[in-house]
Structures are given as C-alpha cells and as structure tokens.
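Reader: I am new to this structure. Please show it to me, and then let me ask how each label was earned.

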Amino acid sequence: MSNESEKAPVGIIGGTGLTTLAGLEITGETECTTPWGSPSAPLVEGQLGNQKVVFLSRHGNPHRIPPHQVNYRANLRALYDAGVRTVIGVNAVGGIHREMGPAHVVIPDQIIDYTWGRPSTFFEGDLEETTHIDFTWPYDADARATLVAAAKGRSVPFSDFGVYAATQGPRLETAAEIRKLERDGCDLVGMTGMPEAVLAAELGMRYVCLALVVNWAAGKSDHIITMEEIEEAIEQGMSGVKSILEASMAD
Ligand code: HPA
C-alpha cells in the first residue's frame with residue numbers, strides 16, 4: 001500500500017467479522033478523542049508485513065455499535081490524527097450482481113448513498129467558507145490497484161468492479177428495495193460505506209473499500225437471510241480478505 005511518506009501508517013477499518021486482526025503484530029493501543037467525539041474503539045497500532053498499520057474496529061470491540069450510530073467523523077478524524085493518510089475500509093455486504101455471491105470478495109469502484117440523518121460532513125457549523133469536495137471517484141485508484149494486485153497475487157477470487165449501495169439499516173432490505181437498487185445500477189449493498197468514504201475524502205485521505213459478500217441480497221435467493229448464513233460466509237471468506245490485506249502491505 002503506497003503512502004505519502006514511507007513511515008505513514010495505513011488505516012484499516014474492520015467491520016462485521018473483522019473486529020480484530022490476527023497477524024497484526026500489536027505495538028500499542030491508544031484511547032483517543034477528537035473534536036467530533038470518540039472513535040468506536042481504541043486505535044490498535046501494529047505492524048503487518050513491512051507496513052505500520054492502525055486498526056480500528058468500526059462497530060467497537062466487542063461488536064456493539066449499529067451502522068447508523070457509528071461516529072464516522074470521530075473514526076476518520078482519529079485515524080487522521082494518528083498520521084494515517086490511506087484507509088482501507090473492510091465491509092460486509094449483500095450481493096446483488098450475479099457474480100457476487102456469499103464469500104466473494106469485491107473491490108468496488110463506485111457508491112450510491114441511500115443513508116439519511118447521519119452526520120456526513122466535517123464542513124458545518126461556523127465556517128469561513130463553503131467547501132464542496134470532488135467525489136467523482138470515491139475510491140482511490142492507486143489503493144484499488146494495490147488491492148487488486150494483492151488479490152491476484154494470493155489467487156483470491158474477486159471482482160474488481162461494483163457499485164456499492166449504502167443503505168441506512170440496521171434492518172436488511174425488502175426484495176423490492178433490492179430490485180430498485182439493481183435498477184439504479186448497484187451491485188452490492190451494505191450499511192457502512194457512507195459517510196465513511198466521503199469523510200475520508202474531506203480530510204484528503206486516500207480511501208478504498210474491500211468488501212466481503214456475506215449473503216445474497218434480499219430476494220436474490222430462494223430463502224430469507226439468516227445470521228447462520230452470514231456467519232458461514234464470514235468464516236469462509238474472511239481468510240481471503242486477510243490474505244489480501246497482508247499481501248497489500250508487502251511492499
Ligand atoms: N444489506 C445491507 N447490508 C448488509 C447486507 C445486506 O444484505 N449484508 C451485509 N450487510
């Protein structure tokens with residue numbers, strides 16, 4: 001994973017199924033706070049391969065904060081303050097595209113934001129000027145290329161495209177909602193992709209999403225979505241995600 005400076009740590013935000021990162025040689029843990037409040041969990045500093053890493057569990061550790069109540073601003077700001085300039089967001093998602101079934105890894109290239117009511121900008125309050133950041137390409141091209149090369153290098157089956165639909169949750173979608181998302185051009189659906197990506201962009205950080213499909217989206221299979229199915233897909237697919245993370249840190 002490339003960095004501005006050799007020493008800058010890469011941030012990894014772990015989601016459902018990735019509250020801790022085995023393989024991370026832990027060198028420290030920092031409880032911190034930001035002008036936006038406290039992040040979901042202490043920042044775990046460590047070494048993964050040749051790269052300094054700061055790991056943050058998005059939903060807390062143990063997993064307790066639902067997607068709509070994550071303090072995304074505090075999470076991104078805490079990573080920024082720790083010197084992180086490249087962030088890998090690991091997200092569990094539902095698969096809509098026919099090639100994106102359970103346990104499949106996706107490195108998406110676009111997002112549509114369907115969330116509402118979440119604080120989703122740093123630019124508010126008593127400002128000196130109005131800022132509208134460019135968000136044409138929500139995921140950093142170089143960071144995506146690094147993950148793609150890592151997935152190929154480790155022979156992990158994956159898709160290197162996909163439009164991520166960020167929904168509000170915490171409930172899953174109806175079948176009709178998924179059909180609508182599909183008509184909109186969405187390939188996968190999750191609850192945490194936004195505002196995380198835009199907040200990283202507002203701070204000038206490189207951001208990339210590494211998604212693991214943990215279920216067929218509502219109405220895309222002949223059964224309803226169960227926790228057992230989700231846990232099984234995490235069990236099956238998370239080793240691929242970890243392998244890609246490790247390989248991406250190798251140079
Ligand atoms: N929908 C929304 N978010 C999700 C899903 C889903 O089907 N699976 C995992 N996160």
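**Reading the labels**

Reader: What phi does G83 take just after α1?
Author: G83 takes a positive phi of about 95 degrees, just after α1. Helices here are DSSP runs of H or I with at least four residues, strands are runs of E with at least two, and both are numbered from the N terminus.

Reader: What should I know about the model and its numbering?
Author: This is a predicted model, in which local features need pLDDT of at least 70 and side-chain atom pairs count only at pLDDT 80 or more, while totals for chains, interfaces and linings use all residues. Residues are numbered from 1 along each chain as its sequence is written.

Reader: Why is α1 called largely enclosed?
Author: Nine of the 10 residues of α1 are buried, so the rest of the structure largely encloses it. Buried means that 20 or more other C-beta atoms lie within 10 Å of the residue's own; exposed means 12 or fewer, and partly exposed is in between, with C-beta atoms placed from the backbone. The buried residues include Y72, R73 and L79. Their cover includes β1, β3 (43-48), β4, β5 and α4 (196-202).

Reader: What makes the protein agree with a compact globule?
Author: Its radius of gyration is 17 Å, and a compact globule with 251 residues would have one near 18 Å, so the two agree. That radius is taken over C-alpha atoms, and the globule rule is 2.2 Å times the number of residues to the power 0.38. The C-alpha atoms fill a box of roughly 50 × 45 × 35 Å along the principal axes. Of the 251 residues, 47% count as buried. The protein has five helices and 11 strands.

Reader: How do you know that T16, R58, H59 and T192 gather at one spot?
Author: UniProt lists these four for "binding site", in an unreviewed entry. They span 177 residues in sequence, yet no two of their C-alpha atoms are more than 10.0 Å apart, so they gather at one spot. UniProt positions are given in the numbering used here, feature names are shortened, and annotations may be inferred rather than shown by experiment.

Reader: Is T16 buried or exposed?
Author: T16 has 22 other C-beta atoms within 10 Å, so it is buried. It sits in the loop between β1 (10-14) and β2 (25-30). Leaving aside neighbours within four places in sequence, T16 contacts H59, H63 and A92. A contact means C-beta atoms, placed from the backbone, within 7 Å.

Reader: Why does H59 count as buried?
Author: H59 has 21 C-beta neighbours inside 10 Å, so it counts as buried. It lies in the loop between β4 (51-57) and α1 (72-81).

Reader: What surrounds the ligand?
Author: The residues around the ligand include A92, V93, G94, V189 and A217. To count, a residue's C-beta atom, placed from the backbone, must lie within 6 Å of the molecule. β5 gives the most to this shell, with three residues. V189 also appears in the largest nonpolar core, among the residues that touch the most other members. Such a core is a set of buried Ala, Val, Leu, Ile, Met, Phe, Trp, Tyr and Cys residues joined through C-beta atoms within 7 Å. The largest one has 74 residues, and β11 gives the most to it, with nine.

Reader: Why is A145 called partly exposed?
Author: A145 has 14 C-beta neighbours inside 10 Å, so it counts as partly exposed. It lies in helix α2 (residues 141-153).

Reader: What makes A103 and S155 worth pointing out?
Author: Most residues other than glycine have a negative phi, and most peptide bonds are trans. Phi of A103 is positive, near 80 degrees. S155 is not a glycine either, and its phi is positive, about 55 degrees. A103 is buried, with 20 other C-beta atoms within 10 Å. S155 has 9 such neighbours inside 10 Å, so it counts as exposed.

Reader: Which residues does a cis peptide bond join?
Author: One cis bond joins G169 and P170, with omega about 0 degrees. Another joins M194 and P195, with omega about 10 degrees. P170 is in the loop between β9 (163-166) and α3 (175-183). P195 lies in the loop between β10 and α4.

How values were computed: Contact = placed C-beta atoms within 7 Å.
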